[in-house]
Number of protein chains: 2
Amino acid sequence: MGTKPSGPLRLLRETHEDRVLTALRNQGPLTRAQLADRTSLSRATLSSIVQTLLAKQAVTEAGLEDAAEVRGRGRPVSVLTLNPAGGLAVGMDLGHRRIQVTVANVAHEIVASDGIACAERTPWTQRVKLAVDLVDELTNRYEISLTSLAGLGVGIVGPVPSDRAGVVRDSLAARFGVPVFVDNNTRLAALAEATWGAGAGMGSVLYLRLSYGVGGGLVLGGRLLAGAGGAAGELGHISVDRDGPRCSCGGRGCLELHLSNLLDEYGGFDNLTPDAIADVATRTGEVLAAACNTVNPELVVIGGELTGVALLRPLRRALRDYTHTQVHHSLRVKPAELGYDAAARGGIALVLTNPPEEAEWRRTSCS
Amino acid sequence: MGTKPSGPLRLLRETHEDRVLTALRNQGPLTRAQLADRTSLSRATLSSIVQTLLAKQAVTEAGLEDAAEVRGRGRPVSVLTLNPAGGLAVGMDLGHRRIQVTVANVAHEIVASDGIACAERTPWTQRVKLAVDLVDELTNRYEISLTSLAGLGVGIVGPVPSDRAGVVRDSLAARFGVPVFVDNNTRLAALAEATWGAGAGMGSVLYLRLSYGVGGGLVLGGRLLAGAGGAAGELGHISVDRDGPRCSCGGRGCLELHLSNLLDEYGGFDNLTPDAIADVATRTGEVLAAACNTVNPELVVIGGELTGVALLRPLRRALRDYTHTQVHHSLRVKPAELGYDAAARGGIALVLTNPPEEAEWRRTSCS
């Protein structure tokens, strides 16, 4: 203690280091330019901070080939990440028909991932047991030690907070002895797309998933917006027909209900006619327009069963037709990039972006 | 320097102090319970930090009578604020027909406020000059020194960023030599309601103003959401009629256009029939329902010319009919509480919540 520098300059440097470490923890690999942007530090200050962190082995730098891989770009830039040895996070998705477990380190590198099918009626306690078994199986197969586990992030079907979410959280916290974060699995897919997928590195991402259910999520500054009642991103329950039928959510004429009725009529996604797809796409574009006029995101990401121009062309047209020019000019629309493990990856991002406040401040200040 | 404690404990305390000071700077007077909630500090830790800050005269504590006044509640609780001597912020609203200037200290106490009418066609350079003259007049009248001025926050009509916003910012920055923040004046009214008005102390506030224009703003965690193109909160341009006429914004069937056509038909707000008011209220409720399903706010605040049950009853009914139950259950709807000076107060809040990052970190770390 006594040998460390003290006084204002020391404090300022520590605080700057925290900002750099937090940005890397939340967003994974970043170039120096991206880091300067995220931390609002000058390039000169950042350069000095990064040098100190590299010397301490708190962060590592990836070479040219690695960097090109990391973001899928061809430009030869070097990227910084937290030292992969700094800890692990486990993500789980307890989905309707599939259980997925993914393990990553604090550098956002996936070190193991696998999934198993499960019957739709599998009870929740059983789903948790299956996921725990899968963690054991993966840690054995890949010889992973969970001694440096930072936390678990778990996606479940349905609203959160809920009794179910509480049961899942408590049983996993008891089993692993680390903080457990539970959220709706569609919202976690949104967070994953904003961290690893179509929205990696972007400031604000609105995600919508068109499947047998319609859900979404909003990620602002790399963090998932939960909302006052844990229901932010319920885009499937925005009305597309004010005189439409009542929905089980309590609303009327909801997009999800509209799509669900079409799927019943046609017998599933595979049988939808081009006109039916165009209708769904247009209604979805209208819903997204209302959401975009509210939050003016940088990017809309579309996930789910429908893809390609048959969906995206009419959707983009409706978005343009019903948004303020200024909202539309700053907006991009992209298909989702992640697959089965999207929600499990979102669970990992939830752990990395939402450490318990007090613990986080201790970690970064007293290390 | 040498006499200060050093090492991890010192650092942890300084970081905790920063969190307390930032919460008070952003949100004004807070009780210890509110501070504990905002900073995620335990009551015991907070109590010790507050004692230190009181001893340093960085914060002050208001007695029972003052506290009851501050929040308009009858409960005798004591509140903490930053020391009023810590600096001033000036808020300006360069509105269509009125120019308003308000001055407050970092404790969120209004020390001077006044407004003057101006013709709608007054050029922007002339509006800025009128506002500067009003600042001079107020500082003379109340013997206010601007030597400790932290910044100016200015509301203007129309989109921000824009050329107009740049001209206003640059001319005021040259005149006062402090950071100047410019935003749309309806968004600033949203921030003011979330800081001083109907949403004081709340975590997420969605504001909508029904006037000759229809605008809004979204405040999350005490901070105004700007959006990727500076157009977050454009609730007046959410469509209420997908086959409706084109709006100047580029959209179609916008709420603002719908209201504007009704006002033309009836000759202004004073002549609207109960049925016409109910129609506007219902359409507004539908628009708010889409926005609320997107962000799930704690509170909706309604400002503008229409008030009372004639507006709020059908608006609340539509909100209930078109929101997800979980969104609706966590939602309150209240009329706006602030008057003419709402946007100018929002300008002050903008200065206090958005100091230049680097300067802010210097201020809290090196004091």
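Which residue in the turn between strand 5 of chain B and strand 6 of chain B has a positive phi? Select B:His108: its phi is about 70°, and the hairpin it belongs to has four residues between the two strands. The model on screen is predicted.

**Stop 1: strands 4, 5 and 6 of chain B**

Stay at the hairpin and select residues 98-105 of chain B, which make up strand 5. Seven of the eight residues in strand 5 are buried. Strand 5 of chain B runs antiparallel to strand 6 of chain B, with seven bridges joining them. To see one of these bridges, pick B:Thr102 and its partner B:Ser113 in strand 6.

Now turn to strand 4 of chain B, which also pairs with strand 5 in the antiparallel sense, over seven bridges. Here B:Ala89 has B:Ala104 of strand 5 as its bridge partner. The hairpin that connects strand 4 of chain B to strand 5 of chain B does so through three residues.

**Stop 2: B:Ile116**

Move to residues 110-117 of chain B, strand 6, and select B:Ile116 within it. Is B:Ile116 buried or partly exposed? B:Ile116 counts as partly exposed because it has 13 C-beta neighbours inside 10 Å. Leaving aside residues up to four places away in sequence, B:Ile116 touches B:Ile99, B:Leu130 and B:Leu134. Then draw a distance from the C-alpha atom of B:Ile116 to that of B:Gln100: the separation is 6.5 Å, for residues 16 apart along the chain.

**Stop 3: helix 6 of chain B**

Select residues 163-176 of chain B, which form helix 6. Does the length of this helix agree or disagree with its residue count? At 1.5 Å a residue, its 14 residues should span 20 Å, and the end C-alpha atoms are 20 Å apart, so the two agree.

Colour B:Ala165, B:Val168, B:Arg169 and B:Leu172, the buried residues of helix 6 of chain B. Viewed down the axis of helix 6 of chain B, these buried residues fall within an arc of 95°, and therefore line one face of the helix. To see what covers them, show strand 4 (88-94), helix 5 (124-141), strand 7 (149-156) and strand 8 (180-184) of chain B, which are among the covering elements. Strand 4 of chain B is the strand already visited for its pairing with strand 5.

Turn to the face of helix 6 of chain B directed away from its buried side: the exposed residues there are B:Asp163, B:Gly166, B:Asp170 and B:Ala174. Just past helix 6 of chain B, select B:Gly177, which takes a positive phi of about 65°.

**Stop 4: B:Cys292 and the nonpolar core**

Which residues touch the most other members of the largest nonpolar core? They are A:Cys292 and B:Cys292, in a core of 209 residues. Select B:Cys292 and display its contacts beyond four places in sequence: B:Leu206, B:Pro297, B:Val300, B:Leu319, B:Thr323, B:Val327 and B:Leu331. In soluble globular proteins, nonpolar side chains tend to be buried together.

**Stop 5: chain A as a whole**

Switch to chain A, where 13 helices and 13 strands can be shown. Of its 367 residues, 49% count as buried. Among contacts in chain A with a separation of 6 or more, 65% are between residues 24 or more positions apart.

Colour chain A by domain: domain 1 is 8-82, domain 2 is 87-188 + 342-366, and domain 3 is 198-335. The C-alpha centres of domain 1 of chain A and domain 3 of chain A are 35 Å apart.

**Stop 6: strand 10 of chain A**

Select residues 214-220 of chain A, strand 10. Seven of its seven residues are buried, so the strand is largely enclosed by the rest of the structure. In a regular strand the side chains alternate between the two faces of the sheet. On one side of strand 10 of chain A are A:Val214, A:Gly216, A:Leu218 and A:Leu220, and on the other are A:Gly215, A:Gly217 and A:Val219; both faces are covered.

Add strand 9 (residues 204-210) of chain A, which pairs with strand 10 of chain A in the antiparallel sense over seven bridges. Three residues lie between these strands in their hairpin. Pick A:Val219 and find A:Val205 opposite. A:Val219 also has A:Leu224 in strand 11 of chain A as a bridge partner.

Strand 11 (residues 223-224) of chain A pairs with strand 10 of chain A over two bridges, again in the antiparallel sense. Finish at the hairpin between strand 10 of chain A and strand 11 of chain A, which has two residues between the strands, and select A:Gly221 in its turn, where phi is positive at about 60°.

Key
Residues numbered from 1 in each chain as written. Chains lettered and ligands numbered in written order. Predicted model: local features only at pLDDT ≥ 70, side-chain atom pairs only at ≥ 80, totals over all residues. Domains from an automatic or database assignment. Core = buried A, V, L, I, M, F, W, Y, C linked by C-beta atoms within 7 Å. Buried ≥ 20, exposed ≤ 12 C-beta atoms within 10 Å, placed from the backbone. Contact = placed C-beta atoms within 7 Å. Expected span 1.5 Å × (residues − 1). Arc of directions from axis to C-beta. Pairing = 2+ DSSP bridges.
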